[in-house]
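Student: I would like to learn how to read strand order, strand pairing and burial from a model. Could you take me through an example?

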Amino acid sequence: MDIGRATALVEDTWESTIIPTLSDYIRIPNKSPAFDPQWAEHGYMDQAITLLKDWCEQQPIKNMHIEVVRLEGRTPVLFIEIQGATKDTVLLYGHYDKQPEFSGWAEGLDPWKPVRSNGKLYGRGGADDGYAVFSSLTAIRILQEQGIDHGRCVILIEGCEESGSFDLPHYVEALHPRIGEPSLVVCLDAECGDYDRLWITTSLRGNLVGTLTAQVLTEGVHSGLASGVVASSFRVARSLLSRLEDEATGRVNEVLWGEIPAARVEQAQAAAALLGPGVVAKIPWAGDTQPVTEDPVELLLNSTWRPTLCVTGADGLPSLDHAGNTLRPMTALKLSFRLPPDKDPEAAAAAVTRLLTEDPPYGARVSFEVEQAAAGWDAPAIAPWLARSMSAASQEFFNADVAYMGTGGTIPFMPMLGEAFPGVQFIVTGVLGPKSNAHGPNEFLHLDTAKKLTGCVSRILADHVARR
């Protein structure tokens, strides 16, 4: 591969067509079905997938078939098939649905307004991960324009990832004959420890989401009358949470723990050595808030392999300006557990439900309704050819060696594919680096990293077909 020529093509394509189209994509509030149950009526999903399809059809790529596939009642997927020099298949994956707006965007920024500033493109969904289809097709175009062979490529862009990919198994089943049996999967929906090299994700935590409800009354009662007689529903909920999490340390009950493989500990140590203070510098700390430990290795293991609990929402709590002197009848808390990559999510859900609902304080009415139980993923051993290819790609486009680490988030597609295609090799990578803040305010796409990652994917696709 002529790296200079590849870099020039990437730069020109990103600047002339990708960034303008990606900006239009950011403007579309195509929130994932969990956050917009009326997505079909609103039409934003259709707008987004049509925008992506139109761009793809304009690309000068040979032997390409593009189709929007629709199953009744499910978010559509973009399915692209590109014939190659061999039938040995690479599956490239991304998604086009988005997280909701969230609050706290800086002045001049908005989730649905693209803003380019200091090498970053701000707006919801650009980095997570609207860029995926653009990078995938451009990587293939590099090879075709340089006369370099690539295998058969299938690109699958789904519209339900941020809701746990509950539509995706139906598409994988329906499209399995057309997908074939891939030998390599490229997922462009992950993190990077910094913007200086190619980062490969080696594990993903699972996710358990549910709502804990503690009810003590059928209606609110004057607090002067009831307090001291009736236990606060908030206190009941707080007591139940203590069964699962030590509020002083954050350590989660042992029923949710797993064993961390020695290789993953070594990768965390290597990543911590590279990142140093960057492990905590990427967090938008308030005031003098400190991390839970000063050891960067432990912080990486905490956020990639150990279970955690976050309260992500609440109901039954009026806003401050509407909070009267009333003992409230109930408190409901949305709980999000991150699970070790090797933890069975169904078993975890059963254990959490039992711990929260058995023998509740004061006999309060307590329930835990599971909304999502998604499996984590631990990557198979990397084939020697792929390890060499990723190292070379990082050196050629980033001028630094490749790095590996686990990721704290969940991509349901990965364990699904691991089961469907045993023996497949994986590249899970992405552009969600320090302060890029997917799901929160001020999400941005680091443009230089996205461009270099495009080149890396191209190099790896060339090595994939040449490995035989």
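Tutor: We shall go through the sheets and then turn to one loop residue, keeping in mind that this is a predicted model.

Student: In what order do the strands of the six-stranded open sheet lie?

Tutor: Strand order is read across the sheet rather than along the chain, and here the open sheet of six strands runs S1-S2-S6-S3-S7-S17, with mixed pairing. Strand S1 (64–69) and strand S17 (425–429) stand at the edges, and because each has a single partner strand, one side of each is left without a neighbour in the sheet. On average, neighbouring strands of this sheet are turned by 15° against each other, direction ignored.

Student: How many bridges pair strand S7 with S17, and is the sense parallel or antiparallel?

Tutor: Strand S7, residues 184–188, pairs with S17 in the parallel sense over five bridges; within this pairing, Cys187 stands opposite Val428 of S17.

Student: Which strands form the open sheet of three?

Tutor: That open sheet has the order S15-S8-S16, and its pairing is mixed. Strand S15 (377–378) and strand S16 (403–407) have a single partner strand each and stand at the edges, so one side of each lacks a neighbour in the sheet. Strand S8, residues 199–204, runs parallel to S16 and is joined to S16 by four bridges, with Thr201 opposite Met405 in S16.

Student: What should I expect of the side chains along a strand?

Tutor: As a general idea, side chains in a regular strand alternate between the two faces of the sheet.

Student: Is strand S13 mostly covered or mostly open?

Tutor: Strand S13, residues 330–339, is mostly covered, since seven of its 10 residues are buried, that is, under 20% relative accessible area. Strand S9 (residues 206–215) runs antiparallel to S13 and is joined to S13 by 10 bridges, one bridge partner pair being Gln215 and Met330. Strand S11 (residues 308–315) also pairs with S13 in the antiparallel sense, over seven bridges, and Cys310 stands opposite Ser336 in S13.

Student: Where does Ser436 lie, and is Ser436 buried or exposed?

Tutor: Ser436 lies in the loop between S17 and strand S18 (444–446), yet Ser436 is buried, because its relative accessible area is 2%, under the 20% cut-off. Leaving aside residues up to four places away in sequence, Ser436 touches Tyr195, Val431, Asn442, Glu443 and Phe444. A polar atom of the Ser436 side chain lies 2.7 Å from the backbone oxygen of Gly433.

Student: What separates the C-alpha atoms of Ser436 and Asp128?

Tutor: Separation along the chain and separation in space are read independently: Ser436 and Asp128 are 308 residues apart along the chain, while their C-alpha atoms are separated by 9.5 Å.

Key: Residues are numbered from 1 along each chain as its sequence is written. This is a predicted model: local features need pLDDT of at least 70, side-chain atom pairs count only at pLDDT 80 or more; totals for chains, interfaces and linings use all residues. Side-chain values use heavy atoms; hydrogens and water are left out. Two strands pair if DSSP finds at least two bridges between them. Helices (H or I, at least four residues) and strands (E, at least two) are DSSP runs, numbered from the N terminus. Axes are lines fitted to C-alpha atoms, for helices over the stretch in contact, and angles run from 0 to 180 degrees between N-to-C directions. Buried means under 20% relative accessible area, exposed over 50%, partly exposed in between (1.4 Å probe, protein chains only). Contact means heavy atoms within 4.5 Å. A polar contact is a pair of N or O atoms within 3.5 Å; within protein, one must be able to donate a hydrogen and the other to accept it, and residues adjacent in sequence count only if both atoms are side-chain atoms.
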